[in-house]
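Here is a short set of exercises to work through with the model open in your viewer. Try each task yourself before you read the solution.

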Amino acid sequence: MEHMMSQHVRWVPPERNELSAILTGLLTKKAALAGPLTVVGRRSIGRGSFPKEIVTCRLSDGRTIRVFCKYEAGYNHDAHGHRGGVTHEAAVYQRLLQPLEVATPTLYGLHRDASKGGVWLVLEALDNSTHLHKVPEAMGSAASWIGHFHAASQEYLAAAAMPFLKPYSEDYYLGWAQRTWQYVRGRHQHTPWLDQLCR
């Protein structure tokens, strides 16, 4: 269930010239570009539900900047309503995270790919970052951020309707309990507590 993608899709990364032109357009205001940037390096990130890469760009004034690009590219990872894909993620950045001014990577912008379909999400690349599960002592900081986010968003959403957000209703949670029970049916000897949990 982890990688629920369209099996027929084979992602082809954008050509370097195309990528340079699109990133120039997206970064012009946020990175104060005086001219076109040049893509000088790319590193694909293999894990996850959508194609991603870190792109190193040289700006016209000689500065170097690294961005994180995530591509919808015809992939689908809805997971029974749990996720909404790159388009949904981009909308959350644009319409919720930015107005709340919570600490997040800088959103450089979105690009709608007319030729291949879907959306590109372009964010600030976080250098020297580490996955949270590798730094257990950082869990407190993560919990603090989540608490601040929920408090701020509760107040904000009371005044700003956002119907694109996914409600996690009773039916949503019941669906996961039912699918979990069906998945382990016949193997309950290894998880004798699961029947009671699902009930």
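**Exercise 1. Sort the residues that line the largest pocket by class, then locate the pocket in the fold.**

Step 1. Start with the classes: in this predicted model, the lining of the largest pocket is made up of 21 nonpolar, 14 polar and eleven charged residues.

Step 2. Add the volume, which is about 2300 Å³ for this pocket.

Step 3. Look for the centre. The lining has 46 residues, and Phe-68, Lys-70, Glu-89, Tyr-93 and Pro-105 are the closest to the middle of the pocket.

Step 4. Map the lining onto the fold. Two or more lining residues come from each of β1, β2, β3, α2, β5 and α3 (139-159).

**Exercise 2. Search the whole structure for cavities of 30 Å³ or more, and describe what you find.**

Step 1. The search returns one cavity of that size.

Step 2. The space in the largest cavity comes to about 60 Å³.

Step 3. Its lining includes Trp-11, Val-12, Pro-14, Tyr-71 and Trp-120. Also in the lining are Asp-113, Lys-116 and Gly-117.

Step 4. Sorted by class, the cavity lining has seven nonpolar, one polar and three charged residues.

**Exercise 3. Work out the strand order of the sheet, and say which strands stand at the edges.**

Step 1. Follow the pairing: five strands form an open sheet in the order β1-β2-β3-β5-β4, and the pairing is antiparallel.

Step 2. Find the edges. β1 (38-45) and β4 (107-112) each have a single partner strand, so one side of each has no neighbour in the sheet.

Step 3. Check the twist: on average, neighbouring strands are turned by 25° against each other, direction ignored.

Step 4. Place the helices. Helix α1 (residues 16-30) packs on the sheet and touches β1, β2 (52-58), β3, β4 and β5, with its direction at about 100° to that of β1. Helix α2 (residues 85-100) lies across β3, β4 and β5, and runs at about 45° to β5.

**Exercise 4. Describe the surroundings of β3: what are its bridges, and how enclosed is the strand?**

Step 1. On one pairing, β3 meets β2 in the antiparallel sense over seven bridges. Here Lys-52 has Lys-70 of β3 as its bridge partner.

Step 2. The hairpin of β2 and β3 has five residues between the strands, among them Gly-62, with a positive phi near 95°.

Step 3. On the other pairing, β3 (residues 64-71) is joined to β5 (residues 119-124) by five bridges. Cys-69 is partnered with Val-122 of β5, and Val-67 with Glu-124 of β5.

Step 4. Now count buried residues. Six of the eight residues of β3 are buried, so the strand is largely enclosed by the rest of the structure.

**Exercise 5. Decide whether Val-39 and Ser-153 are buried or exposed, then list their contacts.**

Step 1. Apply the cut-off for buried, which is under 20% relative accessible area. Val-39 has 3%, so Val-39 is buried. Ser-153 has 6%, so Ser-153 is buried.

Step 2. Place Val-39 in strand β1. Leaving aside neighbours within four places in sequence, its contacts are Arg-16, Leu-19, Ser-20, Leu-23, Val-55, Thr-56 and Cys-57.

Step 3. Take one of these contacts further: Thr-56 is 17 residues from Val-39 in sequence, with 6.0 Å between their C-alpha atoms.

Step 4. Place Ser-153 in helix α3. With neighbours within four places in sequence again left aside, Ser-153 is in contact with Leu-96 and Leu-100.

Conventions. Residues numbered from 1 in each chain as written. Predicted model: local features only at pLDDT ≥ 70, side-chain atom pairs only at ≥ 80, totals over all residues. Heavy atoms only, no water. Pairing = 2+ DSSP bridges. Helix = DSSP H or I, 4+ residues; strand = E, 2+ residues; numbered from the N terminus. Axes fitted to C-alpha atoms, helices over the stretch in contact; angles between N-to-C directions. Contact = heavy atoms within 4.5 Å. 1 Å grid on protein atoms, 1.4 Å probe; cavity = no way out; pocket = protein on both sides within 12 Å on 5 of 7 lines; lining within 4 Å. Points joined across faces, edges and corners; volume = space filled by probe spheres on them. Nonpolar A, V, L, I, M, F, W, Y, C, P; charged D, E, K, R; others polar. Buried < 20%, exposed > 50% of the residue type's maximum accessible area, 1.4 Å probe, protein only.
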